[in-house]
Amino acid sequence: MEKVRVGFIGAGGMAEVHFRSLQNIEHAEFTAVYDINPERARQVAEEFGVTVFESAEQLIDSGTV
């Protein structure tokens, strides 16, 4: 079965819970993040190995989710 690729628009506290939960779901893969705070998005990307986007629209249009 192919994995569902998931991206997050917003990387706050609740999103952090979801990032970690995705690691336990066999058919899900966290692939992309955007946050209004670019530094926070970079931190998440570094920790989880995902791609950072500069806008929500870019993330949605990227094909990574």
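**Note on the fold and its aromatic core**

1. Helices α1 and α2 are roughly parallel to each other, because angles under 35 degrees count as roughly parallel and these two helices pack at an angle of about 15°. Their axes are 12 Å apart, and in passing α2, helix α1 makes a right-handed crossing. The reader should keep in mind from the outset that this is a predicted model, and that the values in the points below are computed from it.

2. The sheet is the next element to look at. It is an open sheet of three strands in the order β1-β2-β3, and the pairing is parallel. Strands β1 and β3 stand at the edges, each with a single partner strand, so one side of each is left without a neighbour in the sheet. Strand β2, for its part, is mostly covered, with six of its seven residues buried.

3. What joins the strands to one another? Between β1 and β2 there are six bridges, and the two strands pair in the parallel sense. Two positions can serve as examples when following this pairing in the structure: Val4 has Ala28 as its bridge partner in β2, and Phe8 has Val33 as its partner in that strand. On the other side, β2 is joined to strand β3 (residues 51–52) by two bridges, again with the strands running parallel. Val33 also takes part here, since this residue stands opposite Val52 in β3.

4. The connections between the strands pass through the two helices discussed at the start. Strand β1, helix α1 (residues 13–22) and strand β2 together make a right-handed β-α-β unit. From β2 the chain then goes on through helix α2 (residues 38–48) to reach β3, and this β-α-β crossover is right-handed as well.

5. The aromatic side chains deserve a separate look, and the count comes to five aromatic pairs when ring centres within 6.5 Å are taken as paired. In one of these, the rings of Phe8 and Phe30 have their centres 5.2 Å apart and their planes at 85°, and because planes over 60 degrees apart count as edge-to-face, that is the class of this pair. Phe8 belongs to strand β1 (residues 4–9) and Phe30 to strand β2 (residues 28–34), so the contact ties together parts of the chain that are 22 residues apart in sequence. Both Phe8 and Phe30 are buried, and together with Phe19 and Phe48 they form one aromatic cluster.

6. Is Phe53, a residue of the loop between β3 and α3 (56–61), buried or exposed? With a relative accessible area of 15%, Phe53 is buried, because the cut-off for that class is under 20%. The C-alpha atoms of Phe53 and Asp35 are 8.2 Å apart in space, while the two residues are 18 apart in sequence.

7. Ser55 lies in that loop between β3 and α3 too, and at 18% relative accessibility this serine also counts as buried. Measuring distance along the chain, Ser55 and Val33 are 22 residues apart, whereas in space their C-alpha atoms are 9.3 Å apart. Val33 is the residue already met as the bridge partner of Phe8.

8. Two further residues may help a newcomer to place the ends of these elements and the helix beside them. Lys3 is found in the segment before β1, and at 44% relative accessibility this lysine counts as partly exposed. Its C-alpha atom is separated by 9.8 Å from that of Phe30, a residue 27 positions away along the chain. Ala41, in contrast, is placed in helix α2 and counts as buried, at 1% relative accessibility. The C-alpha atoms of Ala41 and Ile9 are separated by 9.5 Å, with their positions 32 residues apart along the chain.

Technical notes: Residues numbered from 1 in each chain as written. Predicted model: local features only at pLDDT ≥ 70, side-chain atom pairs only at ≥ 80, totals over all residues. Heavy atoms only, no water. Phe/Tyr/Trp six-rings, centres within 6.5 Å; stacked < 30°, edge-to-face > 60°. Helix = DSSP H or I, 4+ residues; strand = E, 2+ residues; numbered from the N terminus. Buried < 20%, exposed > 50% of the residue type's maximum accessible area, 1.4 Å probe, protein only. Pairing = 2+ DSSP bridges. Right-handed = clockwise from strand over helix to strand, strands pointing away. Axes fitted to C-alpha atoms, helices over the stretch in contact; angles between N-to-C directions. Parallel < 35°, antiparallel > 145°, perpendicular 65-115°, else oblique. Left-handed = near helix turned anticlockwise from the far one by under 90°.
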